[in-house]
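Here is a short report on side-chain packing and helix crossing in one model. The sequence and structure come first.

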Amino acid sequence: MRDSFVFYRSFYESMQDLPDDYKINVFTALCEYALNGNEVEMDAITGAIFKLMRPQIDANNKKYQNGKKGGRPSKDAEDVKGRRRALGFEVGNQTKTKEEPNDIEKNQTETKAKPKKTSDEPNVNVNDNENANVNDTLESVNNKRAKRFTPPTAQEVRDYCAEKGYEYVDADRFVDFYESKGWMVGKNKMKDWRCAVRNWNRSSKDSFGSTKKNSFSNFEQRGYDFDSLETMAIRKINGTN
């Protein structure tokens, strides 16, 4: 049931030329149908006029019913809902207030503040790996320096020969000989003078047998060919004859 309906000009004009009795019958049938939804018995003329008015009344009543339900959604809105349903989304009341994000979501969307610069001074901290590399380099340099060849003195040669029991090495001549050659063994720089002393003693012993050197035999060694002794020593080192 409705409390009112729209009476259009077209309704009035369609009944204007009818006799008064027919006008009353059409108007009564129109009100009964529009307000109460009832159809009354009509004669042919009244029924013909009512049929012209009925589609408009039906359209108005449908709008009225949809208005009571919140109004008919627009075609675009229906299409959107249909697509959302097809994609598996929940379709609810579009006027529902959107929930506020929780604290975790807020924290994720907040822009991270840039750290404040506390000082214009440059960062002087050194990486631990860089310190380790520097220390390793210094240690390596120190080891190389420690291993760097240092020419011995005649006294050091004598002390070494005495320690090892070498009797075929004249310390002074050994030092003088290699100093004259720039402490070179052939074409290579000497790395270990003790090794050269051992080879010198071995070569001298092989050349002169088992005769021991004493304080009275120094004059015999003055005629030694030290170049030959060096050559023999090099061959011993290289394992060649």
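In this predicted model, F174 reaches well-separated parts of the sequence. Leaving aside neighbours within four places in sequence, F174 is in contact with V157, V169 and W183. Its other such partners are W193, A196, V197 and W200.

F174 also belongs to the largest nonpolar core, which has 19 residues. F174, V157, Y178, M190 and V197 are the residues with the most contacts inside this core. Three helices each supply at least two of its residues: α7, α8 and α9. Of these, α8 gives the most, with five residues.

Another core lies apart from this one. The second core has twelve residues, and V26, I49, F50 and M53 are among them.

The next topic is the pair α2 and α3. Their axes come within 10 Å and cross at roughly 30°. An angle under 35 degrees counts as roughly parallel, so α2 and α3 are roughly parallel to each other. The crossing is right-handed.

The two sides of the contact are set out below.

| Helix | Residue range | Residues in the contact |
|---|---|---|
| α2 | residues 20-36 | Y22, N25, V26, A29, L30, Y33, A34 |
| α3 | residues 44-68 | I45, T46, I49, F50, M53, R54, I57, D58, N61 |

What is the make-up of this contact by class? It has eleven nonpolar, three polar and two charged residues. V26 of α2 takes part in the contact, as do I49, F50 and M53 of α3. These four are also among the residues of the twelve-residue core.

Definitions and conventions. Residues numbered from 1 in each chain as written. Predicted model: local features only at pLDDT ≥ 70, side-chain atom pairs only at ≥ 80, totals over all residues. Heavy atoms only, no water. Core = buried A, V, L, I, M, F, W, Y, C linked by side-chain atoms within 4.5 Å. Buried < 20%, exposed > 50% of the residue type's maximum accessible area, 1.4 Å probe, protein only. Helix = DSSP H or I, 4+ residues; strand = E, 2+ residues; numbered from the N terminus. Contact = heavy atoms within 4.5 Å. Axes fitted to C-alpha atoms, helices over the stretch in contact; angles between N-to-C directions. Parallel < 35°, antiparallel > 145°, perpendicular 65-115°, else oblique. Left-handed = near helix turned anticlockwise from the far one by under 90°. Nonpolar A, V, L, I, M, F, W, Y, C, P; charged D, E, K, R; others polar.
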